[in-house]
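Work through these exercises with the chain in view. Try each task before you read its solution.

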Amino acid sequence: MIDEDTERVRAAVADDVPAVRAVTDAAYQPYIERIGVVPQPMEADHAANVAAGKVFVTEEPVIGLVVIEAFSDHLFLDSIAVRPDAHGTGVGRRLLHFVDARARELGLDEIRLYTNAMMWENQKIYPRYGYEVVERRVDGPYDRIHYRKRLD
């Protein structure tokens with residue numbers, strides 16, 4: 001059975017790197033002034049992440065993406081980005097459902113992520129998808145709220 005929420009999500013390939021960079025920059029650019037530093041996803045090595053199989057994209061052309069990494073006891077959601085002109089169209093929901101499905105495929109029953117405390121929009125979104133706050137911690141210049149989601 002094909003899950004309509006995840007069927008249009010695919011592993012990124014080298015040709016997607018410019019789009020991955022553009023979508024990430026567009027999604028995180030508005031936060032620079034608010035948090036006072038460049039958000040970490042904007043400084044990521046997108047080509048290396050794509051080559052390592054950590055990046056998954058949706059739509060053609062790419063309008064959303066997730067960067068994930070599997071560990072022995074959880075799936076880490078490093079970044080989720082949706083082009084601003086696609087906000088409210090279900091792309092973020094589709095990507096979060098993909099992350100759940102991917103964790104299950106890998107036999108992992110927990111997803112972890114963090115968001116900057118100044119990105120208050122995210123603090124409303126993640127709990128709606130089953131994430132709970134674990135802690136708030138300062139890591140260098142970043143004030144982060146850490147979340148986890150346990151899968152059934």
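The exercises below treat one helix and one strand.

The model is predicted: local features need pLDDT of at least 70, side-chain atom pairs count only at pLDDT 80 or more, and totals for chains, interfaces and linings use all residues. Residues are numbered from 1 along each chain as its sequence is written, and side-chain values use heavy atoms, leaving out hydrogens and water.

**Exercise 1. Check the span of helix α1, residues 17-28.**

Step 1. Helices (H or I, at least four residues) and strands (E, at least two) are DSSP runs, numbered from the N terminus.
Step 2. The expected span is 1.5 Å times one less than the number of residues.
Step 3. For the 12 residues of α1 that gives 16 Å; the end C-alpha atoms are 16 Å apart, which agrees.

**Exercise 2. Find which residues of α1 are buried, and where they lie.**

Step 1. Buried means under 20% relative accessible area (exposed is over 50%, partly exposed in between; 1.4 Å probe, protein chains only).
Step 2. Val17, Val20, Val23, Thr24, Ala27 and Tyr28 of α1 are buried.
Step 3. Seen down the axis of α1, they fall within an arc of 130° (taken from the directions from the helix axis to the C-beta atoms), so they line one face of the helix.
Step 4. An α-helix has 3.6 residues a turn, so residues three or four places apart point the same way.

**Exercise 3. Place strand β5, residues 110-116.**

Step 1. In β5, 5 of its 7 residues are buried.
Step 2. Two strands pair if DSSP finds at least two bridges between them.
Step 3. β4 and β5 run parallel, joined by 3 bridges; Leu75 stands opposite Ile111 in β5.
Step 4. β5 and β7 (residues 142-150) run antiparallel, joined by 7 bridges; Glu110 stands opposite Arg150 in β7.
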